[in-house]
Amino acid sequence: MGTPLAAPVLLLLLAGTAGLCRAFFSLPLRVSHPAPRGGSPPAPVVLRPGSGTRQQDNLGGADGLALASDPGGALNFLAMVENLQGDSGRGYYLEMLIGTPPQTLNILVDTGSSNFAVAGVPDPDVTSYFNTELSSTYKSQGIDVTVKYSQGSWTGVLGTDVITIPKGIYGSYTVNIATILESENFFLTGVKWHGILGLAYDALAKPSSSVETFFDSLVRQAKIPNIFSLQMCGAGLPVSGSGTNGGSLVLGGIEPSLYTGDIWYTPIKEEWYYQVEILKLEVGGQNLELDCREYNADKAIVDSGTTLLRLPQKVFSAVVQAIARTSLLYIQPILGIGDNLQCYRFGISPSTNALVIGATVMEGFYVIFDRAQRRVGFAVSPCAEVDGSPVSEIEGPFTTADVASNCVSSVSFHEPVLWIASYALMSLCGIILLVLIILLLVPPRCQHRYTDNDVVNDESSLVRHRWK
């Protein structure tokens, strides 16, 4: 009898030099085995890498996966193909009609946040904005909202209005929308989008998780399955910021023409960001040999709104050393810097609080956000090619005999919890400071006359206990 296999993992292989050589930067992920939500368990899934077949899932009901267009319903997946424009440097955006009469705006697709917001006043860095006074269906909720990102922030007012997505989903739907009144380093010079569509979970919504997210509103009103998929076609292409690369955002299901081979799923560890579990990292076939918890410190997420592959500082340093040893160049060409310059950028950057699978990685794959079954799927994208050669591959499954059973810390400090803890500590410090001030201001009831026998030294004074 053979040795039993450990839990299988999924291995994503990412080309390190955009097709210039066959050296890869790889990210192994744990294979998902979704638990059934009532009724019979899902049909067995057979993993056959490169077989050209599709994994089959149970269909039916809003929680199932829709794999084809629904002529009689709200969805037409074929119409959603190539409904995005953009590139990894400035993001991918979707055309949307907002208000009555409709105002046309381009909206950035971001899987790393949860608010739907548009420019609400003129801004020197945007070409259009949403004028609420011209919409008869706009209703202000009078609630101020501020959202901060890894780069940039904005402040606005929460309201509701009707939206229509011309390419792929029929009908108009009422959603929460924030109008941006002030921003800092959020809108960039030359961008062609005028707002942001946060597609993460409501736990990240501002000012609180009670704000229904855009996609939750679509699932509830349009009765579409709780799943969306994303293809961004900029892999191996220069980053120009011109928004000339295509892509597809499929709301409510999976479009078979957007991927080849099988879809491989990995579990969503926490429903706030799309948090996954990274098991190890390899550069040019060499394992970094770090504790797997280092890769997930303090989270590992899939975020289309982040440009690069961002790594925790310790992991980033190890990757740079490995790249130096293997002579692997994980770089991207950049256009628009100079007329006669050939410029490149490093495709990886350090992060202080997360491993982020950003747009430069996602561009190599068709990514499925299966919220109904708490998993993220990856399949090879046919548009991720350079000169006919693929820039990404998927292999597996492999065993996890050399990996810890859990690479994610059991203690997860989400942003709302950190804010509460911060306010609690500030309140405690305020109370202590108030007590000290009162003690200093209240005159003493008795006075002590010092004698020659009295000794005051640093060991008995407050000097030794001062706050630093």
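Here are a few friendly notes on this predicted model, moving from the whole chain to its salt bridges.

1. **Overall make-up.** The protein chain has 468 residues, and 47% of them count as buried. Its secondary structure comes to 6 helices and 28 strands, so strands are what you will be scrolling through for much of the session.

2. **Contacts along the sequence.** If you look at contacts with a separation of 6 or more, 70% of them in the protein chain are between residues 24 or more positions apart. That figure is worth having in mind when you reach the Arg374 pair in point 5, whose partners sit 103 residues apart.

3. **Surface.** About 23,300 Å² of the protein chain is exposed. Carbon and sulfur atoms supply 56% of that area.

4. **Lys269 and Glu277.** The structure holds 10 salt bridges, and one of them joins Lys269 to Glu277, with 3.5 Å between the closest N and O atoms. How buried or exposed are the two ends? Lys269 has 29% relative accessibility and counts as partly exposed, because the buried class stops at under 20%. Glu277 has a relative accessible area of 3%, which makes this residue buried.

5. **Arg374 and Glu271.** Here the closest N and O atoms of the salt bridge are 3.9 Å apart, and the cut-off is 4 Å. The pair links distant parts of the chain: Arg374 lies in the loop between strand S24 (365–370) and strand S25 (375–380), while Glu271 belongs to strand S14 (residues 270–271). Both ends are partly exposed, with Arg374 at 32% relative accessibility and Glu271 at 34%.

6. **Arg375 and Asp370.** In this salt bridge the closest N and O atoms are 2.8 Å apart. Which class do its two residues fall into, buried or exposed? Arg375 is buried at 2% relative accessibility, and Asp370 is buried as well, with a relative accessible area of 0%.

7. **A shared network.** Finally, some salt bridges have partners in common: Arg30, Lys269 and Glu277 are joined into one network this way. When you inspect the Lys269–Glu277 pair from point 4, with its 3.5 Å closest N and O atoms, please bring Arg30 into view too, as a member of that network. Within this group, Glu277 is buried and Lys269 is partly exposed.

Key: Residues numbered from 1 in each chain as written. Predicted model: local features only at pLDDT ≥ 70, side-chain atom pairs only at ≥ 80, totals over all residues. Heavy atoms only, no water. Helix = DSSP H or I, 4+ residues; strand = E, 2+ residues; numbered from the N terminus. Buried < 20%, exposed > 50% of the residue type's maximum accessible area, 1.4 Å probe, protein only. Contact = heavy atoms within 4.5 Å. Areas by Shrake-Rupley, 256 points an atom, 1.4 Å probe, with all protein chains shown as cover. Salt bridge = Lys/Arg side-chain N within 4 Å of Asp/Glu carboxyl O.
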